Amino acid sequence: MEAKGDRAPFPTDQSLEELARLVTTAGGIVVGRTVQRVARFHPATLAGKGKLEELVALREETPYDTVVVDSELSPTQQRNLEQQLQCKVLDRSALILDIFAQRAHTREAQLQVELAQLEYLLPRLAGMFTFFSRSAGAVGGASGIATRGPGETQLETDRRHIRQRIARLHRELEEVRRTRQLHRAHRSRQGISVVSLVGYTNAGKSTLMNRLTGAGVLAENKLFATLEPTTRRVTLPAGQEILLTDTVGFIQKLPPKLVAAFRATLEELEEAELLLIVVDASDPGHFQQYGTVVATLEELKLQDIPRLTVLNKIDVLADLPLSLLERYPGSVAISAQEGIGLEALAEAIAEILNRQGREITVHIPFQQPELVQLFHRRGQIEREDFSASGTTLQGRLPAALVSRFRPYITESSR
Ligand SMILES: Nc1nc2c(ncn2[C@@H]2O[C@H](COP(=O)(O)OP(=O)(O)OP(=O)(O)O)[C@@H](O)[C@H]2O)c(=O)[nH]1
Ligand SMILES: [Mg+2]
């Protein structure tokens with residue numbers, strides 16, 4: 001069910017199609033769809049009375065046990081709808097949370113999903129259907145929450161229980177965050193450039209990651225195949241090493257609170273020197289999806305990191321339409337699956353990183369061969385001369401590495 005009037009940039013049918021894919025990914029079967037166009041939402045139930053009656057009547061012909069609404073429902077709206085339709089009612093966020101819960105395999109992902117679920121659940125405790133009972137393990141075994149309308153006392157106990165659990169999850173996630181920060185500090189001391197894959201869910205980020213690094217990350221035709229970040233070292237053709245990070249995909253209409261639950265994961269993006277925005281060029285909604293990605297990056301305050309747009313799945317397109325290249329100027333077209341365009345991509349990455357680096361000339365004494373090797377691995381060399389006292393190197397280095405060479409710099413500019 002989708003009510004017109006959402007200011008979603010996605011056309012209704014595209015958004016509903018995506019919702020149907022989310023339902024399938026969560027393990028459900030879609031038996032019908034309906035749209036109501038209204039000038040203004042009905043405050044209590046979102047949809048109008050006639051539409052609700054129609055939905056109830058529909059059950060005679062096509063039995064169903066759940067209604068999924070494509071708009072965000074307030075706790076009261078959800079409760080009212082469940083009462084009137086006499087079945088479980090979910091909104092998009094709840095559905096996405098359910099998928100996250102099914103797919104969270106690492107400790108960290110589980111903590112984040114549980115936190116997001118509880119934050120979502122807390123205001124909805126009274127009068128809930130059994131949606132969360134499936135993931136009861138993840139709700140910390142709070143008793144009574146899965147049953148409809150527990151008594152007031154029970155409700156208070158549950159609320160207290162959940163608040164305590166939320167506080168604990170925050171502490172545990174803080175711990176995870178600290179460990180990650182240590183890793184990151186270590187990395188930046190090594191001066192390796194980090195490049196992160198971002199993009200709409202199912203765009204092909206993990207497929208590209210696997211292609212470039214052989215990482216063996218799960219990539220499949222389901223939404224949110226990836227929940228936790230993976231980082232691997234890649235050597236670009238010119239010999240320069242980078243770290244490539246694969247992350248959770250973005251999706252439209254994800255409330256900032258849910259995005260926030262994945263903060264520890266998405267913090268990986270903060271240290272990136274370059275974001276590769278992977279776009280599924282074969283999806284008719286690619287431009288709206290791209291818009292969502294750009295908006296989410298802004299929400300995450302990552303808008304200032306340099307980006308490169310990567311148009312993926314071009315193997316599906318008969319030829320590359322000019323309009324695509326016009327829409328995404330400066331982009332690189334590839335097929336991660338078929339291995340098309342990967343060299344051009346690697347070159348574009350190297351070029352951007354080098355542009356951001358610093359141009360220096362160093363004279364390294366023979367006693368320090370490891371510094372010469374380091375320059376070769378991480379930088380781009382324009383000139384190399386040998387003399388009796390050592391090696392002179394001129395070229396570009398990632399800014400983070402320059403300090404290692406400071407004693408030997410003979411010339412430096414931006
Ligand atoms: N035809 C074609 N399919 C591709 C290409 N790249 C990826 N796919 C398919 O697209 C689907 C999604 O790929 P993933 O790599 O899992 O996408 P993702 O961006 O990591 O998705 P999430 O982790 O769910 O956010 C898979 O079925 C891939 O096989 C490509 O270049 N061409
Ligand atoms: Mg993935």
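**How do we know? Ligand 1 and a helix pair**

Mentor: The shell around ligand 1 has seven nonpolar, eleven polar and five charged residues. This is a predicted model, where local features need pLDDT of at least 70, side-chain atom pairs count only at pLDDT 80 or more, and totals for chains, interfaces and linings use all residues. Residues are numbered from 1 along each chain as its sequence is written, chains are lettered from A and ligands numbered from 1 in the order written, and side-chain values use heavy atoms, without hydrogens and water.

Trainee: What makes a residue polar here?

Mentor: Asp, Glu, Lys and Arg count as charged, Ala, Val, Leu, Ile, Met, Phe, Trp, Tyr, Cys and Pro as nonpolar, and the others, Gly among them, as polar.

Trainee: Why is the A225 pair called a polar contact?

Mentor: A polar contact is a pair of N or O atoms within 3.5 Å. A backbone N or O atom of A225 lies 2.7 Å from an oxygen atom of ligand 1, so the pair qualifies. A203 also has a backbone N or O atom 3.1 Å from a ligand oxygen, while for S335 a side-chain N or O atom is 3.0 Å from one.

Trainee: Which helices cross at roughly 35°?

Mentor: Helix α1 (residues 12-25) and helix α4 (residues 92-103) do, their axes coming within 9 Å. Axes are lines fitted to C-alpha atoms over the stretch in contact, with angles from 0 to 180 degrees between N-to-C directions. Helices are DSSP runs (H or I, at least four residues), numbered from the N terminus.

Note on methods: A polar contact is a pair of N or O atoms within 3.5 Å; within protein, one must be able to donate a hydrogen and the other to accept it, and residues adjacent in sequence count only if both atoms are side-chain atoms. Helices (H or I, at least four residues) and strands (E, at least two) are DSSP runs, numbered from the N terminus.
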